[in-house]
Amino acid sequence: MTLTVPLSVIALVLSLAPAWAADSSAEVDFLTRASNSNLFAIEESRLALDRTRDSKVKTFARQMVKDHGGAQSELQATAKGSGAVVPTTLDQEHRARLKALRNKSGADFDKAYVADQGENHSNALTLYGDYMLWGEYEKLHALAIKMIPITEAQLKQAQVLAGD
């Protein structure tokens, strides 16, 4: 199977991406950020399933729980042998963002949830692109490449919901 990465993604990554260190700190950083992205998408989407009345938001949230649950499992399996551990709880920043979302309701909740997911997926797309270009652990490199088109599609879904 041939995987093509859009030139726009590569250009974006090259313009924004820091150089990756050639040691295990790159793997730790990648795993931590990827895990937080997945866990944040799952937790916010579970909250959205309970709170939203918008059927499109609910459908998106249901898909995010499924997709990111699978991505998190795959991340954990792929990390074996990298020397790094995949976090299983959200970091402080993402916990604070989740708490802020819990304080919203109605249309304000939906707007904030969709905006958070747009930002989360944009950041994840950059993360995967960075690792695709500079990551050295072969299994994580392959995972990053695999996740780029998936994450790009999820970002587009969030942008459509946001009306962008």
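**Figure 1. Glu74 and its salt bridge to Lys146 in the predicted model.** Glu74 is partly exposed, at 28% relative accessibility. Its partner, Lys146, is also partly exposed, with a value of 39%. The two residues form a salt bridge, and their closest N and O atoms lie 2.8 Å apart. This pair ties together distant parts of the chain. Glu74 belongs to helix α3 (residues 55-79), while Lys146 belongs to helix α6 (residues 138-162). The two are 72 residues apart.

**Figure 2. Arg33 and Asp29, a salt bridge within helix α2.** Both residues sit in helix α2, which covers residues 24-51. They are four residues apart, about one turn of the helix. The closest N and O atoms of Arg33 and Asp29 are 3.2 Å apart. Arg33 is partly exposed, with a relative accessible area of 35%. Asp29 is partly exposed too, at 32%.

**Figure 3. Arg97 and Glu93, a salt bridge in helix α4.** The side chains meet at 3.9 Å, N to O. That distance counts as a salt bridge because the cut-off is within 4 Å. Four residues separate the pair along helix α4 (residues 92-102), about one helical turn. Arg97 is buried, with a relative accessible area of 16%. Glu93 is partly exposed, at 48%. Salt bridges with shared partners join Glu93, Arg97, Asp116 and Glu119 into one network.

**Figure 4. Salt bridges across the model.** The count comes to six. Among them are Glu74 with Lys146, Arg33 with Asp29, and Arg97 with Glu93.

Methods
Residues are numbered from 1 along each chain as its sequence is written. This is a predicted model: local features need pLDDT of at least 70, side-chain atom pairs count only at pLDDT 80 or more; totals for chains, interfaces and linings use all residues. Side-chain values use heavy atoms; hydrogens and water are left out. Buried means under 20% relative accessible area, exposed over 50%, partly exposed in between (1.4 Å probe, protein chains only).
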